[in-house]
Amino acid sequence: MDLVTPDVGLLFWTFISFAVLFFLLKKFAWKPIVGTVNDREKSIIEALASAEAAKLEMQNLTADNERILKEARAEREMMMKEAREIKTKMIADAKDEAKESADKMIVQAQAAIESEKKAAVAELKSQVASLSIEIAEKVMRSELSDAGKQLKLVEDMLGKATLN
């Protein structure tokens, strides 16, 4: 294989065409290409900055959401605790009220029983007194039906009586 060296004329025209192309590109295309690349670089930097800002804002929002959730959970727990305390208090109040009501009913029932008992005892005493008077009356009639017995009774009473 034989390496062929290029011809000087070919080198000259290649160099001239490269120089013309380079000059044309520099004159007409280089500034717009560099401007476009710079604009693209700026837009990428701005996009990265806005993405970073969005990331920070998202982190702040996430932190705020977490804080709000914690506050909501704490508030819910506090409300549940208050509700349990209110429930316990209501139950205790209802028990106390029921006990007071039952105690009042017991006192009223005892008072009613006592008054009924007193009324029954009073009626019993009244009946006993009536029966005693009736019996005494019958005994006295039978004893005082005879004049001798009457005189003896009067003498016994006078004997027992003491004069002051």
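Student: How many salt bridges does the structure hold?
Tutor: This is a predicted model, and the pairs in question are side chains. Side chains of opposite charge can pair when their charged atoms come close. Counted over the structure, the salt bridges number 5.

Student: Which residue does Arg67 meet in a salt bridge at 3.1 Å, N to O?
Tutor: The partner of Arg67 lies with it in helix α1, 4 residues apart, about one turn of the helix. Arg67 has a relative accessible area of 41% and is therefore partly exposed, and the partner, at 43% relative accessibility, counts as partly exposed too. The side chain that Arg67 meets in this salt bridge is that of Glu71.

Student: How far apart are the closest N and O atoms in the salt bridge of Lys89 with Asp93?
Tutor: Lys89 and Asp93 are 4 residues apart in helix α1, so about one helical turn separates them. Lys89 is exposed because its relative accessible area of 53% lies over the 50% limit, whereas Asp93, with 37%, is partly exposed. Between the closest N and O atoms of Lys89 and Asp93 the distance is 3.2 Å.

Student: Is Asp103, which forms a salt bridge with Lys99, buried, partly exposed or exposed?
Tutor: Lys99 and Asp103 both lie in helix α1, 4 residues apart, and their closest N and O atoms are 3.4 Å apart. Lys99 counts as exposed at 52% relative accessibility. For Asp103 the value is 35%, which falls between the limits of 20% and 50%, so Asp103 counts as partly exposed.

Student: Which residues do salt bridges that share partners join into one network?
Tutor: One salt bridge to consider is that between the side chains of Arg67 and Glu71. Through shared partners, salt bridges join into one network the residues Asp64, Arg67 and Glu71.

Student: How many aromatic pairs does a search of the whole structure find, and what is the angle between the planes of Phe12 and Trp13?
Tutor: The search finds 2 aromatic pairs. Phe12 and Trp13 form an edge-to-face pair, 5.3 Å centre to centre. Phe12 is partly exposed at 46% relative accessibility, while Trp13 is exposed at 59%. Planes over 60 degrees apart count as edge-to-face, and for Phe12 and Trp13 the angle is 75°.

Student: Is the aromatic pair of Phe18 and Phe22 stacked or edge-to-face?
Tutor: Phe18 and Phe22 both lie in helix α1 (residues 8–144), about one turn of the helix apart, and both are exposed. Their rings are 6.3 Å apart, centre to centre, with 25° between the planes. Because planes under 30 degrees apart count as stacked, the pair of Phe18 and Phe22 is stacked.

Technical notes:
Residues numbered from 1 in each chain as written. Predicted model: local features only at pLDDT ≥ 70, side-chain atom pairs only at ≥ 80, totals over all residues. Heavy atoms only, no water. Phe/Tyr/Trp six-rings, centres within 6.5 Å; stacked < 30°, edge-to-face > 60°. Buried < 20%, exposed > 50% of the residue type's maximum accessible area, 1.4 Å probe, protein only. Helix = DSSP H or I, 4+ residues; strand = E, 2+ residues; numbered from the N terminus. Salt bridge = Lys/Arg side-chain N within 4 Å of Asp/Glu carboxyl O.
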